[in-house]
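Visitor: I would like to take a close look at one part of this molecule, with the sequence and the model side by side. Please walk me through it slowly.

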Amino acid sequence: PGMKFDLQGPSWVPPTSIAFSPDSKWLYLAGYSWSDVGCHPGVMRMEYNSEKSPEVFVGAMDLSKSGSEEGQFKCASSVDCDSEGRVYVTDYMNDRIQIYSPDAKLLKTINTPKPALVRIHRKTNEIYCFSWGMMNQIMTPPAYGSPKVKPTLIIFGAFVNPTIVSEIALPIPEQFSYVLGHGAARWPIL
């Protein structure tokens, strides 16, 4: 279920982040980005065992509809779910994680610098937020004037009290973090 672009001919942009709801009914899709175009400001959702096409869950799948208001995104780079079915979406360009109920109601926002990837600990529901540089027309690397992003893992408490528990520098040289992109880490949190 990719987004279609016409960049000198048809091409498909697949999601780079996928999360199951805890009941395995829903599949959430985010990180629709193309290195030369940008990152879509929305999250798709589809029933796992269904022939139905994905539909927009939150945000929009139109680059011109990005924003910084509640429920909007400038780059929905990743998605994950906790054991209660809440949906966590990183909003890279707005420096935040937005948390939604399964019926798409915004529950909470966590401010954090350049969240490229979010993973929820499967036992504790702690929030693992990975930050590193992302690159495309909108988010250019430091050589082109955008701010440097220190590759970092910030661990927040669970949904009830998402304060910072730990902050860890990642052993990734900053110049390589832009090459990694936001889809490189497929780190499950057990």
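How many buried residues are there among the 6 residues of strand β16 (residues 164-169)?

Guide: Please keep in mind that this is a predicted model. The count of buried residues in strand β16 is 0, so that the strand, spanning residues 164-169, is hardly covered. Its pairing is with strand β15 (residues 152-156), to which β16 is joined in the antiparallel sense over 5 bridges, and within this pair Phe156 is the residue that stands opposite Ile164 of β16.

A useful counterpart is Asn125, which lies in the loop between β13 (115-120) and β14 (127-131). Asn125 has a relative accessibility of 12% and therefore counts as buried, the cut-off being under 20%. Once its neighbours within four places in sequence are left aside, Asn125 is in contact with Asp82, Ser83, Ile120, Ala158 and Phe159; with Ser83 there is also a polar contact, made between the two side chains at 2.7 Å.

Elsewhere in the model there is an open sheet of 4 strands, paired antiparallel and ordered β9-β10-β11-β12. Because β9 (76-81) and β12 (106-111) each have a single partner strand, they stand at the edges, and one side of each is left without a neighbour in the sheet. On average, neighbouring strands of this sheet are turned by 20° against each other, direction ignored. Strands β10 (residues 87-91) and β11 (residues 96-100) run antiparallel and are joined by 5 bridges, with Asp91 having Arg96 in β11 as its bridge partner.

Key:
Residues are numbered from 1 along each chain as its sequence is written. This is a predicted model: local features need pLDDT of at least 70, side-chain atom pairs count only at pLDDT 80 or more; totals for chains, interfaces and linings use all residues. Side-chain values use heavy atoms; hydrogens and water are left out. Two strands pair if DSSP finds at least two bridges between them. Helices (H or I, at least four residues) and strands (E, at least two) are DSSP runs, numbered from the N terminus. Axes are lines fitted to C-alpha atoms, for helices over the stretch in contact, and angles run from 0 to 180 degrees between N-to-C directions. Buried means under 20% relative accessible area, exposed over 50%, partly exposed in between (1.4 Å probe, protein chains only). A polar contact is a pair of N or O atoms within 3.5 Å; within protein, one must be able to donate a hydrogen and the other to accept it, and residues adjacent in sequence count only if both atoms are side-chain atoms. Contact means heavy atoms within 4.5 Å.
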